[in-house]
There are 4 protein chains.
Amino acid sequence: MRKNSKDAIVDSAIVLFNIKGFNGTSIRDIANKANVNVANIAYYFQNKHGLLEYCYTTFFESYLHEIERGFNSLNKGPTECLKEITKNIIHFHCQNIHLTRFILREMSIDSQVVREIMSTYFVKERYYFKRVFEEGIQTKEYRPLSVNYMIIQLKSLLSMPFLNSYYVTEVLHVFPHEPYFERKYLEEIYNWIDGVVCNMHFQNRDALLV
Amino acid sequence: MRKNSKDAIVDSAIVLFNIKGFNGTSIRDIANKANVNVANIAYYFQNKHGLLEYCYTTFFESYLHEIERGFNSLNKGPTECLKEITKNIIHFHCQNIHLTRFILREMSIDSQVVREIMSTYFVKERYYFKRVFEEGIQTKEYRPLSVNYMIIQLKSLLSMPFLNSYYVTEVLHVFPHEPYFERKYLEEIYNWIDGVVCNMHFQNRDALLV
Amino acid sequence: MRKNSKDAIVDSAIVLFNIKGFNGTSIRDIANKANVNVANIAYYFQNKHGLLEYCYTTFFESYLHEIERGFNSLNKGPTECLKEITKNIIHFHCQNIHLTRFILREMSIDSQVVREIMSTYFVKERYYFKRVFEEGIQTKEYRPLSVNYMIIQLKSLLSMPFLNSYYVTEVLHVFPHEPYFERKYLEEIYNWIDGVVCNMHFQNRDALLV
Amino acid sequence: MRKNSKDAIVDSAIVLFNIKGFNGTSIRDIANKANVNVANIAYYFQNKHGLLEYCYTTFFESYLHEIERGFNSLNKGPTECLKEITKNIIHFHCQNIHLTRFILREMSIDSQVVREIMSTYFVKERYYFKRVFEEGIQTKEYRPLSVNYMIIQLKSLLSMPFLNSYYVTEVLHVFPHEPYFERKYLEEIYNWIDGVVCNMHFQNRDALLV
DNA sequence: TATGAATGAGTGTTCATTCAT
DNA sequence: TATGAATGAACACTCATTCAT
């Protein structure tokens with residue numbers, strides 16, 4: 001009857017995990033929402049954790065792909081490249097707003113899954129960021145900054161509005177799901193790149209010209 | 001043996017909620033860790049959610065207090081004030097690293113508790129931030145920025161290393177529980193304030209002097 | 001690859017039923033071990049109980065055949081005949097050690113299957129034993145014993161080492177699967193026939209001659 | 001409301017395990033029969049296997065006690081002692097007919113539980129039997145027999161009518177739960193002791209006198 | 001013959017909660 | 001205050017079985 005039970009399960013899982021958290025969502029909730037039998041979850045994903053892993057993997061494959069795409073423009077200079085990566089990630093997060101929130105939240109739980117599955121992705125992600133920052137520092141385009149602390153800040157800015165979408169929406173009346181947000185927030189991160197990451201000379205040159 | 005069962009319960013709850021999440025922790029786990037009877041949790045906190053609310057309240061009372069303390073130095077100018085607030089929050093997060101992570105994570109769940117309890121704190125928090133930013137904009141000390149987007153960025157930077165302490169520690173080898181981190185990371189946020197929030201004139205004045 | 005799926009299923013079933021019991025074995029376990037699709041079990045045996053019945057039937061057909069073969073030597077005298085039957089059964093059990101254990105165990109469950117399928121075999125088996133014992137009693141070759149109580153004892157001796165093969169092997173270090181066991185244990189049952197079943201005169205005659 | 005939920009659970013479990021086997025009985029069946037909540041089984045016995053272990057332990061403690069009581073009469077001679085042990089065991093089995101059947105059957109499953117819990121009991125049981133048989137062989141009261149094979153036979157005779165109570169009742173019309181059975185069957189085992197275990201001299205002495 | 005997808009009922013287990021003591 | 005016993009609902013998961021292909 002159903003064309004694709006597996007996809008239906010994943011879609012429902014993402015929505016529910018996003019709203020209620022992984023541990024707060026029962027596989028019966030998911031099955032009901034997807035209009036499939038509970039046993040199908042075990043059939044396709046072995047068990048509930050298998051479904052979680054599938055979500056993680058799906059997310060990070062695409063996420064890393066976006067970073068890699070941006071990274072390829074490193075020849076245009078580190079600033080340009082960093083902005084390209086940033087643009088891709090923000091766009092990806094806006095397109096997958098439910099999945100992103102859920103993954104970002106669940107990442108902070110001390111689970112085996114996080115350690116085993118995600119660490120490889122994290123290492124790759126760090127590699128790309130590090131390469132860009134180091135290039136910028138070497139060419140004096142960037143200030144002589146601590147790479148790791150820059151990564152912390154960049155990732156902070158990239159994730160917070162998606163993770164705390166309730167707060168952002170209800171308290172600040174900023175709506176991450178609207179197209180305006182994507183443009184506007186990207187500009188803000190560009191400001192951070194120009195104002196914090198980039199060296200004064202470069203920064204001023206652009207700024208003073210305007 | 002225990003002087004205070006109630007405190008023992010709260011302490012254990014914070015540790016376990018932090019590690020396994022609210023839904024991933026059973027009240028029996030908490031009672032065992034606290035070496036008290038399960039029924040005592042109901043006795044002191046009505047039920048599991050009561051314990052959660054207690055944690056939220058405890059956290060936000062102190063958190064807001066830190067903001068208020070910093071806010072009182074607004075007469076020294078908005079930049080100084082913002083840095084004071086930032087310093088207080090970072091210090092508070094470093095001192096309550098388990099509780100902070102757990103609250104920051106659980107905040108992103110769409111639960112009644114979040115909506116009912118936290119919204120008043122959020123509104124207050126926003127009020128203080130807004131006042132500071134608006135003061136800065138009016139006195140031209142800050143660039144003419146969007147207050148809400150600045151709050152997003154500030155809160156991003158203030159919370160990320162505590163929420164994703166696993167990532168920060170294991171992948172970036174940055175240790176939020178060490179005293180060095182507090183000083184260093186505060187400096188980074190000061191850079192953000194100077195480079196992104198503050199107006200070029202002020203920023204350059206300081207920068208060029210050096 | 002497999003020549004005969006049906007046989008593969010039966011073989012795997014016997015091994016697994018033997019180890020984990022009927023209720024402890026899933027048809028998926030069986031299908032996996034047999035390297036066939038689960039649905040094939042339904043195809044060949046209707047359902048799980050059909051597979052069980054098939055095992056029962058297979059076992060008892062052969063088992064009864066062994067008894068009948070021995071029974072045909074009744075003209076050589078009841079003692080000789082009883083020993084012949086005993087020899088055949090012990091040999092059959094040794095040859096089908098997994099199936100025997102599983103059937104003997106499952107027989108003791110109060111199930112419909114046992115009642116419906118096995119009762120006819122049991123009645124036939126009892127008929128042969130009874131005929132032999134009655135012949136022995138009539139010709140005074142046997143002591144005037146209670147046939148039913150003799151059947152209990154004979155069946156006890158015939159089944160125990162196979163049913164409790166773990167105990168016999170691990171605790172007593174007697175190995176039912178080795179050829180020595182078959183010869184030795186048969187001798188023991190012959191002793192029981194001579195010492196308990198047979199009349200003193202006959203028994204002593206043999207014994208005193210030696 | 002219930003005076004003793006734990007005992008009610010054990011009683012119901014024994015009956016149901018006896019009828020349907022361990023794997024064929026659900027803890028819900030047990031709880032319903034015992035008129036208690038399912039969760040109490042976990043409360044008292046940790047889980048279903050804990051309940052099984054409890055049954056095993058209960059059975060074997062008493063069983064071994066009966067053997068020990070009989071063993072204490074070794075000074076009256078090995079034959080007398082063996083008969084005493086036999087009498088105690090048969091009586092114990094008749095008194096605990098459900099538990100006995102279930103234990104004897106489940107013993108034949110290849111489970112961890114059997115190996116871990118029962119092996120110590122088996123070793124003790126073997127020790128007593130061995131002592132008695134060796135005493136009998138040394139004093140020439142017994143024939144020079146293989147102790148282990150004698151244990152197999154003795155245990156066969158002691159357990160079969162209880163394990164296969166359905167067969168014994170329905171096919172042979174022998175009723176193990178009636179008092180007559182206990183006396184009659186004991187006599188049969190005495191015959192085995194006299195006719196198979198004991199030496200001809202001693203055996204004849206008694207037999208010829210009659 | 002043989003298979004992968006799918007199902008509904010049932011499994012053992014865990015949960016937060018209640019209550020008499 | 002503090003506890004052990006007990007509960008009902010929910011949990012993740014497994015089961016034998018069915019069916020279109």
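Which elements each supply at least two residues of the surface near DNA strand E? Keep that question in mind while you open this predicted model, and start with one protein chain before turning to the DNA.

**Stop 1: chain A as a whole**

Select chain A and colour it by secondary structure: eleven helices and zero strands are found there, so arranged in sequence that the elements run α-α-α-α-α-α-α-α-α-α-α from the N terminus on. The C-alpha trace of chain A spans about 60 × 35 × 30 Å along its principal axes, and buried residues make up 40% of its 210 residues. Among the contacts in chain A with a separation of 6 or more, 64% are accounted for by residues 24 or more positions apart.

**Stop 2: a loop residue in chain A**

Move next to A:Glu141, which you will find in the loop between helix H7 (112-138) and helix H8 (147-163) of chain A. This residue counts as partly exposed because it has 19 C-beta neighbours inside 10 Å, whereas a buried residue needs 20 or more. If you also select A:Val197, 56 residues apart from A:Glu141 along the chain, the C-alpha atoms of the two are separated by 8.7 Å.

**Stop 3: the annotated span and DNA strand E**

Now select residues 26-45 of chain A, which UniProt, in an unreviewed entry, lists as "DNA-binding region". The span is 75% helix and 0% strand, and its end C-alpha atoms lie 15 Å apart.

With DNA strand E displayed, the opening question can be answered: the elements that each supply at least two residues of the nearby surface are helix H3 (39-45) of chain A, H2, H3 and H4 of chain B, helix H3 (39-45) of chain C, and helix H2 (27-34), helix H3 (39-45) and helix H4 (48-71) of chain D. Of the 32 residues around DNA strand E, those that come nearest are A:Ala39, B:Ser26, B:Asn47, D:Ser26 and D:Asn47. By class, the residues of this surface divide into 15 nonpolar, twelve polar and five charged.

**Stop 4: helix H1 of chain B**

Select residues 5-20 of chain B, which form helix H1; its 16 residues reach 22 Å from the first C-alpha to the last, close to the 22 Å expected at 1.5 Å a residue. The buried residues of this helix are B:Ile9, B:Val10, B:Ser12, B:Ala13, B:Ile14, B:Leu16, B:Phe17 and B:Asn18, and what covers them includes helix H2 (27-34), helix H3 (39-45), helix H4 (48-71) and helix H6 (97-106) of chain B. Just after H1(B) comes B:Gly21, with a positive phi near 80 degrees.

**Stop 5: where the chains meet**

Show chains A and B together, and the contact takes 43 residues from chain B and 43 residues from chain A. On the side of chain B that touches chain A, the largest share, eleven residues, comes from H8(B), and the classes there are 24 nonpolar, eleven polar and eight charged residues.

Then show chains C and D, where 43 residues of chain C are in contact with 43 residues of chain D. H8(C) gives the largest share of the side of chain C that touches chain D, eleven residues, and that side has 24 nonpolar, eleven polar and eight charged residues.

To finish, compare two pairs without contact: chain B and chain C, whose closest C-alpha atoms lie 31 Å apart, and chain A and chain D, whose closest C-alpha atoms lie 20 Å apart.

Methods:
Residues are numbered from 1 along each chain as its sequence is written. Chains are lettered from A and ligands numbered from 1 in the order in which they are written. This is a predicted model: local features need pLDDT of at least 70, side-chain atom pairs count only at pLDDT 80 or more; totals for chains, interfaces and linings use all residues. Helices (H or I, at least four residues) and strands (E, at least two) are DSSP runs, numbered from the N terminus. The expected span of a helix is 1.5 Å times one less than its number of residues. A residue is buried if 20 or more other C-beta atoms lie within 10 Å of its own, exposed if 12 or fewer, and partly exposed in between; C-beta atoms are placed from the backbone. Two residues are in contact if their C-beta atoms, placed from the backbone, lie within 7 Å. Ala, Val, Leu, Ile, Met, Phe, Trp, Tyr, Cys and Pro count as nonpolar, Asp, Glu, Lys and Arg as charged, and the others, Gly among them, as polar. A residue is near a molecule or strand if its C-beta atom, placed from the backbone, lies within 6 Å of it. UniProt positions are given in the numbering used here, feature names are shortened, and annotations may be inferred rather than shown by experiment.
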